[in-house]
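These are my notebook entries on a single protein model, written down in the order in which I looked things up.

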Amino acid sequence: MSKIQQRMGQALRKLKIRRPGNKNSVRIQRSHSTRSRKRLHSANSLHSDNEFDELELQVVRYKPEGLDTLCRNTKFSRKELQIMYRGFKQECPTGIVSEETFKEIYAQFFPQGDSSSYAHYVFNTFDHDRSGTISFEEFVIGLSVLSRGSLQERLQWAFGLYDINGDGLITREEMLDIVSAIYDMMGRFSEPSVDENTTKDHVEKVFQKMDLNKDGVISLEEFMETCRRDENIIKGMAIFDTVL
């Protein structure tokens, strides 16, 4: 799975560090629906952070939280947040990322397959308020977990990815959906090549391994305990250390 994770890191890195002036960057089409979803924060919280204010454009309808707040809520420094924000605004003039644009970025790194389903699931893990868009805060908080979070924090993020409906449990169907999306994304680079039955067999083996009490679902505790005992999973999670 390391090849998948390396390319995921590349896709996240593409979103984060694009600098102004890059003619090949993917643009977001502004729409009335996305503008209405995100609201401006109070003027007082913004005036204290000139670093963000001086980067804003008149057409923008959304501004992030104060810089100090983001420093407290992430593992990034003020300087790193400033650099990321410049790149984010270059890619996203409205201050938010749509799911369509997120999928376009993933598609560039997985041209050999169909990454749309997997990108959809990853997008949902960043979109905490389920607004259908990702704000700068949501993006850097998620990126902070993936790139600099503890093993426990990253495993919790992975659990949230598989827990599609957010009920705190992973079902066989949810695991099959995510694993199938990964194989679709990798296309001909899947190792080994798999068909639908092989995917189901693989999911069943993993599910049986993680379902410690055999109740037909995987809890966060079961997921964490199983992953901590698997060196391959631990090594795989470490790939996100190189995102920044």
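**Confidence.** I began with the segment 239-244, where pLDDT (the predictor's confidence in each residue, from 0 to 100) stays under 50 and for which the model has 20 contacts beyond four places in sequence, a contact meaning heavy atoms within 4.5 Å. I then noted that pLDDT also stays under 50 over residues 17-48, for which the model has 56 contacts beyond four places in sequence. For the protein as a whole I found an average pLDDT of 77, with 66% of the residues scoring at least 70.

**Ground rules.** This is a predicted model, and I kept to its conditions: local features need pLDDT of at least 70 and side-chain atom pairs count only at pLDDT 80 or more, while totals for chains, interfaces and linings use all residues. Residues are numbered from 1 along each chain as its sequence is written, and side-chain values use heavy atoms, with hydrogens and water left out.

**Overall make-up.** I counted 14 helices and 4 strands in the protein, taking helices (H or I, at least four residues) and strands (E, at least two) as DSSP runs numbered from the N terminus. Of the 244 residues, 46% are buried, where buried means under 20% relative accessible area, exposed over 50% and partly exposed in between, with a 1.4 Å probe and protein chains only. The accessible surface comes to about 12,500 Å², and 49% of it belongs to carbon and sulfur atoms; such areas come from the Shrake-Rupley method with a 1.4 Å probe, and for residues only the protein chains shown count as cover. Among the contacts with a separation of 6 or more, I noted that 65% are between residues 24 or more positions apart.

**Core.** I looked next for nonpolar cores, each a set of buried Ala, Val, Leu, Ile, Met, Phe, Trp, Tyr and Cys residues joined through side-chain atoms within 4.5 Å. The largest has 47 residues, and those with the most contacts inside it are Phe102, Tyr106, Tyr118, Val122, Val140, Met175 and Phe223. Helix H11, residues 172-186, gives the most to this core, with 8 residues. In soluble globular proteins, nonpolar side chains tend to be buried together.

**Helix H11.** Which residues of H11 are buried? I listed Glu174, Met175, Ile178, Val179, Ala181, Ile182, Tyr183, Met185 and Met186. I also checked the length: the expected span is 1.5 Å times one less than the number of residues, so the 15 residues of H11 should span 21 Å, and the end C-alpha atoms are indeed 21 Å apart. After H11 comes Gly187, whose phi is positive, near 55°.

**Aromatic pairs.** Rings of Phe, Tyr and Trp (its six-membered ring) pair if their centres lie within 6.5 Å, with planes under 30 degrees apart counted as stacked, over 60 as edge-to-face and the rest as tilted. By this rule I have 11 aromatic pairs. The rings of Phe88 and Phe136 have centres 5.3 Å apart and planes at 65°, so I entered the pair as edge-to-face. Phe88 is in helix H6 (residues 78-91) and Phe136 in helix H9 (residues 136-148), so that distant parts of the chain, 48 residues apart, are linked; both residues are buried. The rings of Phe102 and Phe126, with centres 6.2 Å apart and planes at 50°, form a tilted pair. Phe102 lies in helix H7 (residues 99-109) and Phe126 in helix H8, so this pair ties together parts 24 residues apart in sequence. Phe102 is buried at 1% relative accessibility, and Phe126 is buried at 0%. Ring pairs link a cluster whose members include Tyr85, Phe110, Phe139 and Trp157.

**Positive phi.** Most residues other than glycine have a negative phi, and I therefore checked for exceptions. Arg130, in the loop between helix H8 (116-126) and strand E2 (133-135), has a positive phi near 55° and is exposed at 51% relative accessible area. Lys214, in the loop between helix H12 (196-210) and strand E4 (218-219), has a positive phi of about 55° and is exposed at 52%.

**Arg228.** My last entry concerns Arg228 in helix H13 (residues 220-228), which is partly exposed at 42% relative accessibility. Leaving aside neighbours within four places in sequence, Arg228 is in contact with Gln152, Leu155 and Ile234; the C-alpha atoms of Arg228 and Leu155 are separated by 8.9 Å, although the two are 73 residues apart along the chain.
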